[in-house]
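Work through the exercises below with the structure open. Try each task before you read its solution.

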Amino acid sequence: PMYKDEVVAIDLPAAVELDVTETEPGIQGDRVSGARKPAKLETGVTVQVPPFIQVGDKVRVDPSDGSYQERVK
């Protein structure tokens with residue numbers, strides 16, 4: 001919405017799908033519940049993802065807080 005040529009609010013989508021461009025390889029057999037590692041996305045933002053996420057994967061992220069939601073097939 002606009003008011004006198006000024007943006008007064010924006011509506012963010014519930015989720016965005018982005019490609020992983022950098023992350024450390026997952027350790028085989030690492031199944032620790034809640035384990036996370038950093039992954040850089042195509043926008044340059046780094047989010048915490050599960051160990052099985054690899055470079056080239058597409059992930060769904062909540063833009064309101066930058067949290068990982070799931071891997072997209």
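The exercises cover a predicted model, from its overall fold to one hairpin.

**Exercise 1. Secondary structure.** How many helices and strands are there in the protein?

*Solution.* Start with the helices: there are zero. Then count the strands: there are seven. Read along the sequence, these give the pattern β-β-β-β-β-β-β.

**Exercise 2. Overall dimensions.** What radius of gyration does the protein have, and what would a compact globule of 73 residues have?

*Solution.* Take the reference first. A compact globule of 73 residues would come near 11 Å. The protein has 15 Å. Next, look at the principal axes. The C-alpha trace spans about 55 × 20 × 20 Å along them.

**Exercise 3. Burial and contacts.** What share of the 73 residues is buried?

*Solution.* Apply the cut-off: buried means under 20% relative accessible area. Buried residues then make up 25% of the protein. Now turn to contacts between residues at least 6 apart in sequence. Of these, 35% join residues at least 24 apart.

**Exercise 4. Surface and charge.** How far apart do the centres of the positive and negative side chains lie?

*Solution.* Begin with the surface. The accessible area comes to about 5,300 Å², and carbon and sulfur atoms hold 51% of that. Count the charges next: 9 side chains are positive and 13 are negative. The centres of the two sets lie 7 Å apart.

**Exercise 5. The β6–β7 hairpin.** In which sense do strand β6 and strand β7 pair?

*Solution.* Locate β6 at residues 58-62 and β7 at residues 67-72. They pair in the antiparallel sense, over five bridges. Asp62 has Ser67 in β7 as its bridge partner. Four residues lie between the strands of this hairpin. Gly66 takes a positive phi near 70° there.

Definitions and conventions: Residues are numbered from 1 along each chain as its sequence is written. This is a predicted model: local features need pLDDT of at least 70, side-chain atom pairs count only at pLDDT 80 or more; totals for chains, interfaces and linings use all residues. Side-chain values use heavy atoms; hydrogens and water are left out. Helices (H or I, at least four residues) and strands (E, at least two) are DSSP runs, numbered from the N terminus. The radius of gyration is taken over C-alpha atoms; the globule rule is 2.2 Å times the number of residues to the power 0.38. Buried means under 20% relative accessible area, exposed over 50%, partly exposed in between (1.4 Å probe, protein chains only). Contact means heavy atoms within 4.5 Å. Accessible areas come from the Shrake-Rupley method with a 1.4 Å probe; for residues, only the protein chains shown count as cover. Lys and Arg count as positive and Asp and Glu as negative; His and the chain ends are not counted. The place of a charge is taken as NZ of Lys, CZ of Arg, CG of Asp or CD of Glu. Two strands pair if DSSP finds at least two bridges between them.
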